Amino acid sequence: MPAHLVIVANRLPVDRVELEDGTPGWRRSPGGLVSAVEPVMRANDGTWIGWPGGTESDLAPFDDDGMHLVPMSMNAREIEEFYEGFSNATIWPIYHDLVAKPEFHREWWDAYVSVNHKFAARTAEIAAKGATVWVHDYQLQLVPQILRELRPDLRIGFYLHIPFPPAELFQQLPWRRQILEGLLGADLVGFQMPGAAANFVRLVRQRVGHKTHRDLIYLPDGRTVRAAAFPISIDAAGFEELAQSEAVGVRSKAIREALGNPAKIFLGIDRLDYTKGIYARLRAYSELLAAGEIDVEEAVFVQVAVPSRERVEQYKILRDEIDRLVGRINGDLGRIGRPAISYLHSSYPREEMAALYRAADIMVVTPYRDGMNLVAKEYVSCRFENDGALVLSEFAGAAAELRQAWLINPYDINGMKSALLEACRADPKELTRRMKAMRKTIIQHDVAAWAESFMTELSGERFAHGKTLRPAEQA
Ligand code: G6P
C-alpha cells in the first residue's frame, strides 16, 4: 500500500536482537530519536523505513503496534563504513564540537553516498503520490536531494537530532558542499536550536553561494527552503502516568531498598558516549566523597550506561576508561555493602527508567555537547510530586528550556562539584520552586507539540519565490 506519511531514519524503532534462548527477537532501539518519533508515528498511522540492526537481509515489511515498518538491510561492509565509520566516527564528532577527533576516509564517504541512495530509492518506491516524507538525522543528510530528484511530487522535511556545528568546524569536512546540497533537497530543514539553523543558513550562503534572508534560502530552481529550530521533547503525560503507576512506585521503593535506603541517590542515565561527560561527572562526585563533603554511608551514585556503538574505537576506549574509573573509586572510597558508584552497563525498558527517575533525588546530566538530551526532560516529567533536583550541562539543548536546573559547565570540575553539593543540600521549598517551573515548560512543549509544529510548517502553502537568481557559484 502506498504510504502518505513516511518516516525515514537510519534505525527502525525496533532492533533485531538474539533472545536468551538463541532465537531472533525485537527490542526497542536506543537513543533519543526513537523515543521522540515513535509516539508521533503511532498516533499517525505512518510508515517507517530504517535499519533493524544486524546484517539479516531478507526481512519483509511488518506491522508493529500501529506502525508499518519497512526494514532496510545493511551488509557488514556498509555497517563498518557507513554506520560506524562516516556516520559515527566522522560526522558525530564534528557535529559535537570535536569532543573526539573525527576521521576522514574517502571509502567511508563513498559508503555514505551509496547507503543514502538506497534509502532514497526505497522511499521513492513506497511513498504515495504527493506524500509527505520526513527524513531524520545525520546518517541520512543526502536523502532529501536524491529523493527530490527521483520524486519531485513529494513534500520533504528533514530534522537533525544532534547539534549542527559552527562554520569553523563544519568546513573541515572534505564533503561539506555535498552535505549542504543534500539537505537543501528538503522543503523544511529542522534543528534543535536557533543557533544551529543560523549556522546552516550561513554555511549555505558562504559555501554554496545561494541567496538567503533570515531563515529562508532561495534556490535557483525557484524553490524556497526554510531552516528553523524545532526543539524536540518527550511524551510528558505518558511518562508522568507511567511514573505514577503502582508498579513503578513499588519498583522505585525496591530500588531504594536494594541500595540500602541511602539518604540521597544521585543518578546518571546515558548511552555510553564520550559526548555525555560521564567520566568528568563521576570524578567530580568522587572528589566530594574523598573530601568528606558527601558520605558514602548516606549517598550513592547510580550510573546507567546504555551500551552503544560498541565496535567503534572511541567507544571501546571510553568503556575501558569508565570501567577503570568506577573500579578505582569503589576500591578507594566504597565500604562493604556501600559502593560509592552503582554502575550498570545495560539498557532497560521505560518502566525501569521511570522507577529509577522516581527513586533519584539528584539527576546528573553533564554532556559536553548534546542536541537536546531527553533524559533530563524525562526526569522532570516523572517528578510529579515537584521534588528532586536536576543538575544539567549548559551545553545540552535542554538547558535553554530548563533554566531552573542547576546549570553547569562540564569542563569546570570545581563548578560541577559546587552544583552537585548545592543540589544535594537544597531545601524542599527550593526544589519545589524549581521543579514546578520546569514541569510547566515540559508539559506545554511536549513531543506532540513538537511534531505538530514541524508538520504544520512542512504542509504549509509553498510558492516559487519568483526571484531571478544566477546559478550558485562553486565555492
Ligand atoms: C542519537 C542519534 C540517533 C541514534 C541514537 C542511538 O540519539 O541522534 O540517530 O539512533 O543516538 O545511536 P545508534 O548509533 O545506536 O543508532
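Colleague: How do the residues of the shell around the ligand divide among nonpolar, polar and charged?

Modeller: The shell divides into five nonpolar, four polar and four charged residues, where Ala, Val, Leu, Ile, Met, Phe, Trp, Tyr, Cys and Pro count as nonpolar, Asp, Glu, Lys and Arg as charged, and the others, Gly among them, as polar. The model is predicted, and local features need pLDDT of at least 70, side-chain atom pairs count only at pLDDT 80 or more, and totals for chains, interfaces and linings use all residues. Residues are numbered from 1 along each chain as its sequence is written, and side-chain values use heavy atoms, with hydrogens and water left out.

Colleague: What makes a residue part of the set that surrounds the ligand?

Modeller: One of its heavy atoms must lie within 4 Å of the ligand; 13 residues surround the ligand, and the closest are Arg11, Tyr83, Asp137, Gln139 and Arg309.

Colleague: Why is the pairing of arginine 11 with the ligand called a polar contact?

Modeller: A polar contact is a pair of N or O atoms within 3.5 Å, and an N or O atom in the side chain of arginine 11 is 2.6 Å from a ligand oxygen, so the pair qualifies. For arginine 309 the corresponding value is 2.8 Å, and for a polar side-chain atom of glutamine 139 it is 3.1 Å. Of the 380 Å² of accessible area that the ligand has on its own, the protein covers 94% (Shrake-Rupley method, 1.4 Å probe).

Colleague: What makes tyrosine 95 and phenylalanine 164 an edge-to-face pair?

Modeller: Rings of Phe, Tyr and Trp (its six-membered ring) pair if their centres lie within 6.5 Å, with planes under 30 degrees apart counted as stacked, over 60 as edge-to-face and the rest as tilted. By this rule there are 28 aromatic pairs, and tyrosine 95 with phenylalanine 164, at 5.4 Å centre to centre and 75° between the planes, is edge-to-face. Tyrosine 95 lies in helix H2 (residues 76-95) and phenylalanine 164 in the loop between strand E8 (155-159) and helix H5 (167-170), so the pair ties together parts 69 residues apart in sequence.

Definitions and conventions:
A polar contact is a pair of N or O atoms within 3.5 Å; within protein, one must be able to donate a hydrogen and the other to accept it, and residues adjacent in sequence count only if both atoms are side-chain atoms. Helices (H or I, at least four residues) and strands (E, at least two) are DSSP runs, numbered from the N terminus.
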